[in-house]
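The following paragraphs lead through a single protein model, from one loop residue to the core, the charged pairs and the backbone. The reader is invited to keep the structure in view throughout.

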Amino acid sequence: MKRWFLFFIIPMGIILIGLLFLRSKNTNSLTQQHKSPDIKNSPFHKEYLSKGGITVVNVWATWCQPCVEEIPAFQKIATENNHIKFVFLSLDEDQKKLEMFLTKHPINDITFKNKDYIETIKTFLGGNGVMGYSVIPQTFIIKDGKVVDKSMGGIDYQNFTDKLKSFY
């Protein structure tokens, strides 16, 4: 029995410990490689979170028809509420298509300015699901640097205006 133990159990234990060590080392290096940058270094944080007040973030895409359809409502609400900051964050993977869309439809899209922080911003907003969001459009109301409201799907002009007034 001692021979069996020496020839089988001890080598298997050494192999198992080695594999666990390698797995731990690989996991740590992957975590360090894919660690998201700190949101406090982002233009988004510097322009919209650190200054206090209310910011509305609309997560959208050019290929999302309800997203595109609600842009005029956001533009009207922004005009009526110039003390509130309105920004758009695109989930488009086709950068050329997004650039073309933005030249025809000027909105305050922060995607390109924050390209290194997209995942960090999505995490801050509470993104989950495929591509960070299970449903778009999504609209977030941020007050004094904290998300205070999240709306999934398209907005209604009057309902959203009333909701914003409740955060003044």
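Setting aside neighbours within four places in sequence, Thr111 is in contact with Phe88, Leu89, Ser90, Leu98 and Ile118. The coordinates come from a predicted model, and every statement below refers to that model. Thr111 itself belongs to the loop between α4 (95–104) and α5 (118–125). Its relative accessibility is 5%, so Thr111 counts as buried.

One of the contacts of Thr111, Ile118, leads into helix α5, where Ile118, Thr120, Ile121, Lys122 and Leu125 are buried. The elements against which the buried residues of α5 pack are α2, β1, β2, β3 and β4. Just after this helix, Gly126 adopts a positive phi of about 95°.

From here the view may be widened to the nonpolar interior. The largest nonpolar core comprises 39 residues, and those with the most contacts inside it are Phe44, Val56, Val57, Trp60, Phe160 and Leu164. Two or more residues of this core come from each of α2 (43–49), β1 (54–60), α3 (65–80), β2 (85–90), α4, α5, β3 (138–143) and α6 (157–165). Leu164 offers a detailed example: not counting residues up to four places away in sequence, Leu164 touches Ile54, Val56, Ile77, Ile84, Phe86 and Ile141.

Ile141, one of the residues touched by Leu164, directs attention to the pairing of β3 with β4. Strand β4 covers residues 146–152, and it pairs with β3 in the antiparallel sense over 6 bridges. Within this pairing, Asp149 of β4 is the bridge partner of Ile141. The two strands form a hairpin with 2 residues between them. In the turn, Asp144 has a positive phi of about 50°, although Asp144 is not a glycine. For context, most residues other than glycine have a negative phi. The relative accessible area of Asp144 is 47%, so this residue is partly exposed.

Asp149 also takes part in a charged pair. Lys163 forms a salt bridge with Asp149, and the closest N and O atoms are 3.1 Å apart. Because Lys163 lies in helix α6 and Asp149 in strand β4, the pair ties together parts that are 14 residues apart in sequence. How do the two partners stand in terms of accessibility: buried, partly exposed or exposed? Lys163 is partly exposed at 27% relative accessibility, whereas Asp149, with a relative accessible area of 16%, is buried.

The structure holds 3 salt bridges, and another of them joins Lys113 to Glu47, with the closest N and O atoms 2.7 Å apart. This pair links distant parts of the chain, since Lys113 sits in the loop between α4 and α5 while Glu47 sits in helix α2, 66 residues apart. The loop that carries Lys113 is also the one in which Thr111 is found. Lys113 is exposed, its relative accessible area being 53%; Glu47 is partly exposed, with a value of 26%.

The salt bridge between Lys122 and Glu119, by contrast in setting, returns the reader to α5; the closest N and O atoms of this pair are 3.1 Å apart. Because Lys122 and Glu119 are 3 residues apart in helix α5, about one helical turn separates them. Lys122 has 7% relative accessibility and therefore counts as buried, while Glu119, at 48%, counts as partly exposed. As a general point, side chains of opposite charge can pair when their charged atoms come close.

A covalent link completes the account of side-chain pairs. The structure holds 1 disulfide, formed by Cys64 and Cys67, whose sulfur atoms are 2.3 Å apart. Both cysteines, Cys64 and Cys67, are buried. The torsion about their S-S bond is about 75°, so the disulfide is right-handed.

One further backbone feature remains. Which form does the peptide bond from Ile136 to Pro137 take, cis or trans? This bond is cis, with omega near 0°, and Pro137 is located in the loop between α5 and β3. In general, most peptide bonds are trans.

Technical notes
Residues numbered from 1 in each chain as written. Predicted model: local features only at pLDDT ≥ 70, side-chain atom pairs only at ≥ 80, totals over all residues. Heavy atoms only, no water. Helix = DSSP H or I, 4+ residues; strand = E, 2+ residues; numbered from the N terminus. Buried < 20%, exposed > 50% of the residue type's maximum accessible area, 1.4 Å probe, protein only. Contact = heavy atoms within 4.5 Å. Core = buried A, V, L, I, M, F, W, Y, C linked by side-chain atoms within 4.5 Å. Pairing = 2+ DSSP bridges. Salt bridge = Lys/Arg side-chain N within 4 Å of Asp/Glu carboxyl O. Disulfide = S-S within 2.5 Å.
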